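Hello,

Here is the structure I promised to pass on to you. Have a look at it first, and then read my notes below.

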Amino acid sequence: MMSSTQEEQAPPPPPAASNLLFMAQAGTILEAAFVDPAYDWPPPDGVGKNAIELQASVNLIDDDDSVKTTESQKKRMTIPPKPVVGADEKGGKKERWWNCCSSADEESLQSSSRGNPDLSSRYGHPNGVSYDEPHSKTETDKLVREMVVAAARPSPDKTRRGMILTGVDGTTMTLVACEQRTAIAWLEAIDLMLANRLRMGDKIEKSQNTGWHKKNLSGRELDQIEGQYLNLASYSNKLIRANKKNKKAAAASGIYYNIEMPQDPADEFEEEALESIAKRRAVIKDSWDFYRMICSLLRDRRKYNEVFRKLQLDPVYPYLHSMTGLSDPGDAGYENTDKEVIQKDLDRYLSMTRTQVAEDLCKQAEIAMPSLVEICKALAGSLGMEEVGIGPVKEVQAALKKAEKKYDGDLLKITDFCRALLVVKDLPTLLALLELARDSFGPLIRRVKLSSLKSDHKPLPGGYRHCIINVELKEHICEIQVHLWPMWLVCGVDGFRHYRHCVEYNTDSFENAYDALEGLDRKTMAELIVMAEEAVAETPLDSLEWFQEKFILDYFAEVGLFMKHGLYVWAEITLRHLVRLRTESPDIGPDHHETILLYKYLEEVLRLTGKDKEANEIKKRIKDNDKRLKKEKDAAEKSMWDMVMAAPTEALDMILDPNKKEREEEEKLRKEVKASKKQWRMIRKERFGFLDANSGGMSVATGSVDEKKVDEDGPKALAL
């Protein structure tokens, strides 16, 4: 069905012929295709692609990549010309062009807001307004001829393409669009119209719950906002259509949505105006990209946190946690001006500029690189690494920038000019690597940083955790980054970019990605939703699949916009669909942390819409998941050692000795580490027996250091 609404930019002038002709071209026209319940949309396979032909004007479907329409059908669907203003053939009264057709021949849907949204049509239906002759299945007794809109809201349609219009007489009509962004643009435009007291006047009772009404803006301000919003929506829609043509999309994904804001024939649409719209879109697009990036960064941080939670369940983790690194700065943070391990301060640096010093350090790194390669080859050959990466040497400009941001300009504190990365399979392999490094080239080691892998220390910005070993080769300090495979899988080689962005945008300062929207005005929020719909245009919500991670993130980000904008119905629909997709995913499932997060947002939305009963059920589900995680942790601890507090005299002992609890906690921790060390010895014997070899030292470019046999307790502190 085709439906349109025209809104005048000023109250209508007296009905003189010239003024009426001007009204035919002034104002805003929203035109879109809405679904007739008599049709299936999108059309099922084998039925054909003409289901929309009786429901949209030729302007919407005249598209080579859209539905195919015959010339006779186009002629039948073409909007009839505006009648000549004047007396009719019988000499009767003059007709207004926007309401001139008799009930027998009125085919088009035209409207004039005359200060309020007014939908007029020959055929109206609770699920739309029919443009052509009704289908044989259409319930003609439910057709609506005309509606003066007093309120509009999203409908609970699962496709997220519906909106419910309420007339001044209480009549309701549900329109289901062919595109989900159609409903969004129409609802926002109608909301702006209803909030405009200057145009609406006091004759019609409007909904006081409209978001724009609460802003108490003047009519002129609302006029300006409405024009800018519709300009952006129209521009975005045309870009989507152009992109669709370029991609040769299937007809079922055609665009049946248009916005036209005709001007006075005497005024030409200046290029500056179009350029202004394009610039505004660029600004909003950048804002959307930034907001989506924040959602992505926090998503990956949650993944890192979940990986680390599971790592702590490993039987050898308490042993690793008890180990002490070498020259480990702990929670020094990103800016570590007190770093202990630094490059040698050579005499020649006194007469050099900072750039020259950086260049000299780069040359030293190139000399040391072959030795670092040999060490990494030897470690990888002994332990079987998942990934190995070498270099390249850090560039001069990158070094200068890092020194300025992190070390107060001190280039000597940069220890990764010459660098490599190793990815180990699990925690036992990491322990084996530390032992092998200590016994093979211990004298060369200058620092072992383990603090980020400890639960009582902070991770790197963005949630990442790894081990760093600094070695001195050819009088230059190099860096070996040791990554755990489960952590590495989250972002792979893009992990550093994730870390850099988290540092730059300080993402650790807030927990909720939607907090990035705080402080934005309502107009910007509405425009961001336009950009969100542009991002998901090729994948409507009802066709989204569980493996489409890019679009799942887009829709997750859009949920935040809906929640901040008061569109809770669409937020709920989207969240329910995302929960279902996460539940269906073979890699995620119903108890995954991503699914639980979606449930938390869904609970919040349900409470905002008054659905407390279902919200309480979801809250219980979230609590049950928390209990499951706690049981999982308790089970892991119990597998290492028996519970200490099991004597029947426990309560009496606590009364006689108030400090007993504290001492028992210390004893519990000691026994936990001892049990973990026992687990490590078993794994070490089974998987890394070569560590006990008495001979066969590991050769590196700096010389050959024989391996030493360790005692049965394995490595203690890394006292190198």
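What follows is a short tour of what was found in this structure.

Please keep in mind that this is a predicted model. The protein chain has 720 residues, and 50% of them count as buried. Its secondary structure comes to 20 helices and 14 strands. If you look at contacts with a separation of 6 or more, 70% of them are between residues 24 or more positions apart. On the outside, the chain exposes about 35,300 Å², and carbon and sulfur atoms supply 50% of that area.

Let's begin with the salt bridges, of which the count comes to 40. One of them joins Glu534 to Arg281, with the closest N and O atoms 2.3 Å apart. Glu534 belongs to helix H14 and Arg281 to helix H7 (residues 271-311), so this pair ties together parts that are 253 residues apart in sequence. Are these two partners buried or exposed? Glu534 is buried because its relative accessibility is 17%, and Arg281 is buried too, at 16%.

Another salt bridge pairs Asp360 with Arg348, and here the closest N and O atoms are 3.1 Å apart. Asp360 sits in helix H9 (residues 354-383), while Arg348 is in the loop between helix H8 (317-322) and H9, twelve residues away. Asp360 is buried, with a relative accessible area of 14%, whereas Arg348 is partly exposed at 39%.

Now turn to helix H18. The side chains of Glu632 and Arg628 meet there in a salt bridge of 3.8 Å, N to O. Why are they separated by about one helical turn? Because they are four residues apart in helix H18. Both are partly exposed: Glu632 has a relative accessible area of 30%, and Arg628 has 32%. They also take part in a network of salt bridges that links Glu306, Arg309, Arg628 and Glu632.

Helix H18 spans residues 612-638 and also holds Lys623. This lysine helps to form a positive surface patch, together with Lys619, Lys627 and Lys631. Lys623 is partly exposed, with a relative accessible area of 47%.

For a view of the interior, try Trp488 in helix H12 (residues 485-491). Trp488 is buried, with a relative accessible area of 10%. Which residues is Trp488 in contact with, leaving aside its neighbours within four places in sequence? They are Glu387, Leu421, Val423, Tyr464, His483 and Val493. Glu387 is 101 residues from Trp488 in sequence, and their C-alpha atoms are 9.4 Å apart in space.

Finally, here are some backbone details to look up. Most residues other than glycine have a negative phi, and most peptide bonds are trans. Gly391 and Pro392, however, are joined by a cis peptide bond, with omega about 0 degrees. You will find Pro392 in the loop between strand E8 (387-390) and helix H10 (396-406).

Arg160 has a positive phi, near 60 degrees. Arg160 is in the loop between strand E4 (146-154) and strand E5 (162-167), and it counts as buried at 0% relative accessibility. Asn506 has a positive phi as well, of about 50 degrees. Its place is in the loop between helix H13 (495-505) and helix H14 (522-535), and at 46% relative accessibility Asn506 counts as partly exposed.

Enjoy exploring!

Best wishes

Key
Residues numbered from 1 in each chain as written. Predicted model: local features only at pLDDT ≥ 70, side-chain atom pairs only at ≥ 80, totals over all residues. Heavy atoms only, no water. Helix = DSSP H or I, 4+ residues; strand = E, 2+ residues; numbered from the N terminus. Buried < 20%, exposed > 50% of the residue type's maximum accessible area, 1.4 Å probe, protein only. Contact = heavy atoms within 4.5 Å. Areas by Shrake-Rupley, 256 points an atom, 1.4 Å probe, with all protein chains shown as cover. Patch = residues over 30% accessible without salt bridge, like charges linked within 9 Å, V, L, I, M, F, W, Y side chains within 5 Å. Salt bridge = Lys/Arg side-chain N within 4 Å of Asp/Glu carboxyl O. Lys, Arg positive; Asp, Glu negative; His and termini not counted. Charge placed at Lys NZ, Arg CZ, Asp CG, Glu CD.
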